[in-house]
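Welcome! Take a look at the structure below, then work through the exercises with their solutions.

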Amino acid sequence: MNLVIFIFIVLLGFTSYYFGRKKAYSIQATNTRLTALPQFYGYYLAIWCAIPAFIIYSLWAIFEPSIVKLIILSDYSNQGHLDDELNLIYEKTKSLSRGQFSGEITTYLETSAEKYLNLRSIAQNSKVVLILAIIIASIVYGYKRISSNNRTREPVEKFLNAVLFTASLAAILTTIGIVFSLIFQTIDFFKVIPLFDFIFGTHWYPAKAFVRDASEPLDPSMYSDTFGAVPIFAGTFFIALIAMCVAIPIGLMSGIYLAEYASTKVRQYAKPLIEILAGIPTVVYGFFAALTVGPFLKDIGTAMGLEVSAESALAAGGVMGIMIIPFISSLSDDVITSVPQSLRDGSYAMGATKSETIKKVIFPAALPGIVGSILLGVSRAVGETMIVVMASGLAANLTFNPLESTSTITAQIVVILIGDQAFGDPKTQAAFALGMTLFLVTLSLNIFALRVVKKYREKYE
Amino acid sequence: MNKNKEKLLNSRYRAEKRFQFYGKSAIFLALLFLTIFIFKIFSTGYTAFQKTWLIVPVTFDAETMYLDENPSKEDLEDADYFDLALQTMFNLDKSASEKQQNDLKRMVSYFFEREIKRELLNDPSLIGKTKDVYLTASDDLDQVFKGNYPRDLPEDQRRVTDYQLKIFDQLVEQGRVESKFNLSFFTYPDSREAELAGIASSFMGSIFSILVCLVIAFPVAVLAAIYLEEFAPKNRFTDFIEVNINNLAAVPSIVFGLLGLGILLAVFQLPRSTPLVGGITLSLMTLPTIIIACRASLKAVPPSIREAALAMGASKMQTTMHHTVPLSMPGTLSGTIIGLAQALGETAPLILIGMVAFVNTIPGSPLDPAASLPVQIYIWAESAERGFVEKVSACIMVLLGFLIIMNLFAQIIRHKFEKKWS
């Protein structure tokens, strides 16, 4: 039904475009000069027809369910039910009215269900009537306003401008959405677990929070040794460090080679080939790390008499490093190519070889940009999820031995939230607190890196 | 003195050579990783496109199926095929003990009953006759036949018993084992049994998510880019929007998953595990990518075009909508496709919104629970059974195939339709 109304409004909008234009043509036919092209009169009428109706339509869609719920539950208000029970009653009522209810049917429920159906049909009918009335009123108004001495281009363009502006707010809304989704759960989490314990505690064992009996009240002292995030912070930065140990030398050297030495032909083929590495989904890297690299390292380790876990930090970090190579190589390539030629020429004129020029002149000149690209790579490594989930362990060990398994912030979020979550549970909230940490860390890394890169660009432009 | 100079010069040249060598080996290493990677995926995955069938003679005995004489189509539809199917397998070795009979039954997939039924429904005249029927082999035998299974392990360490191997080898000798193209990998939904698992459900899930993502992200991103590039005044607020976009492009994908979980599921109460929620989450993630691509291609349209339109009396809005935007479309479209390709490979946010649930039906709309291709890879990669390893690789091949096609498409649009100014 909602879909029908929606399509109806859209179709009516299109037809009113033609009517508006037709009226404009007929005015034109009487040799009167119009103030805008005829199609603007069409747009004008279409906007008048569709927009008020859409506003009513969406307001209705937002508020109808909660108002209906309020009316239904007002019958139960004096019986002393808890909020959860009231919600349950409402759900039961809804499923009974749809005829899908299989539990025990009480008379209360039956009357509620009847009332629910009744209310829904009243709401539906009044919605249709209201929308029709609005459409007719606004079309008549808009149609009347179409005349030779009325401007239509300006209002239509103003409207379009408003639409464009609203769309550009999407980015801000997304950021606000991220902050909102994280902040409430995080605050709730820190009400139970002191911030100090979270940041400096050395024991992370969220599974312990799972065995809690839900009927008992929350006892914060229970969690004193459960949510100490030091092992996962350490694990995150350790794995990122391993990744950067692989990515920086290879990425930087290939960036330099592509920018300074490679012939156009080599560049033409090698650059896109290396960038393929950036396009491969991370879950594929994760599978590769778990199936091939992990066992391979384990075999080598056993041959050398070392004890290597099949899910080692080295495997995850190494494969993550391979993934980050193209980011560093293409960013540093860009940075190096934008160093002005005059610096190179000056160095060659003093008799320096190419590599000396690169090491002593170009590299220092490009350093801020390179640091920026490395920081972007680090932020990528910190936020990477699937490789760690699949290739490194899920238990948070506090270790700096690359041959053992460690866990990261992202992996712990997945471990906690995979499957069913109960909001309001400290374990779920812990995941959001971790998400908040991750968001803040990557955000500051990004802002810093982007600023460095931007400053650098301005220097040579 | 001269000798010293020469020495110094030589060492400088050697340093030059070494430096070049480092550069070359870095590129070589990067390409080597890529090659190993692709080789590994293909070498473990190509076998999944073959499926092993056991050809077993089935005697369609009316009595075993409890059928009367001249059964109607409905009777055949409702008949009990289980006993017949069991009997068929037991007939492979008439002297089998009870335990061995159980082993015989486990040599085929649990679809064997359905496969026999389909055969009879296709040709009801088979009642009372014997016909060779193709039955899907169990995944362990499938792996044995493909040579992926070490046969020399002690019996208690492998899932195939010696007895099953003996019967299987007899069947191979009689030419009753056949390997054919694995069509069911593309048409079946996910399953707990490796031999019956297919990518149809996750494939449709991916398609629906990407469509939802496209429908939401593309218009919003293009409108936002037009505003920022053509209309926005230079002020603090515009700068703030720009900073936001640049930062969103670098926020880890899992944070978007938390957004989907905390807002879309918890606040708006959208249905869990559905491509609708997945698509919305992914669209928020691809939004900055498309905005950045669209702005870049709007910027590339030379000012002379705008000036010409304005000089002819077009309004700012007409200039933008009739001239600038159409000229920037190739760049925008190719940026959109690249953004969608990224979204197609995304896993972590979808796991958080519950698209990781086991779905053994093919979703028919964005409101049905579904997985997606990358999530399917994750689910199968976490399964212990050997049969899933090749499935994962095959699924990766399908996913990579789609990504390559999308990227090629983006390249073609860019090179074919984009106007070169200057």
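Axes are lines fitted to C-alpha atoms, for helices over the stretch in contact, and angles run from 0 to 180 degrees between N-to-C directions. This is a predicted model, where local features need pLDDT of at least 70, side-chain atom pairs count only at pLDDT 80 or more, and totals for chains, interfaces and linings use all residues. Residues are numbered from 1 along each chain as its sequence is written, while chains are lettered from A and ligands numbered from 1 in the order in which they are written.

**Exercise 1.** Work out how H5(A) and H9(B) are oriented to each other.

*Solution.* Step one: find the helices, which are DSSP runs of H or I with at least four residues, numbered from the N terminus. H5 covers residues 153-168 of chain A, and H9 covers residues 200-231 of chain B. Step two: their axes come within 7 Å and cross at roughly 110°. Step three: angles of 65 to 115 degrees count as roughly perpendicular (under 35 is roughly parallel, over 145 roughly antiparallel, the rest oblique). H5(A) and H9(B) are therefore roughly perpendicular.

**Exercise 2.** Describe the residues where H5(A) meets H9(B).

*Solution.* Two residues are in contact if their C-beta atoms, placed from the backbone, lie within 7 Å. On the H5(A) side, the residues include A:Leu164 and A:Phe165; on the H9(B) side, they include B:Leu223, B:Ala224 and B:Tyr227. Sorted by class, the contact has 11 nonpolar, 2 polar and no charged residues. Here Ala, Val, Leu, Ile, Met, Phe, Trp, Tyr, Cys and Pro count as nonpolar, Asp, Glu, Lys and Arg as charged, and the others, Gly among them, as polar.

**Exercise 3.** Find the largest nonpolar core and the element that gives the most to it.

*Solution.* A nonpolar core joins buried Ala, Val, Leu, Ile, Met, Phe, Trp, Tyr and Cys residues through C-beta atoms within 7 Å. Buried means that 20 or more other C-beta atoms lie within 10 Å of a residue's own. The largest core has 182 residues, and A:Ala289, A:Val319 and B:Ala221 are among those with the most contacts inside it. H9(B) gives the most, with 18 residues. Leaving out residues up to four places away in sequence, B:Ala221 touches B:Leu287, B:Ile290, B:Ile291 and B:Cys294.

**Exercise 4.** How many residues does each chain bring to the contact?

*Solution.* Chain A brings 68 residues and chain B brings 62. On the side of chain A, helix H6 (residues 170-192) gives the most, with 11 residues. That side has 45 nonpolar, 20 polar and 3 charged residues.

How values were computed:
Helices (H or I, at least four residues) and strands (E, at least two) are DSSP runs, numbered from the N terminus. A residue is buried if 20 or more other C-beta atoms lie within 10 Å of its own, exposed if 12 or fewer, and partly exposed in between; C-beta atoms are placed from the backbone.
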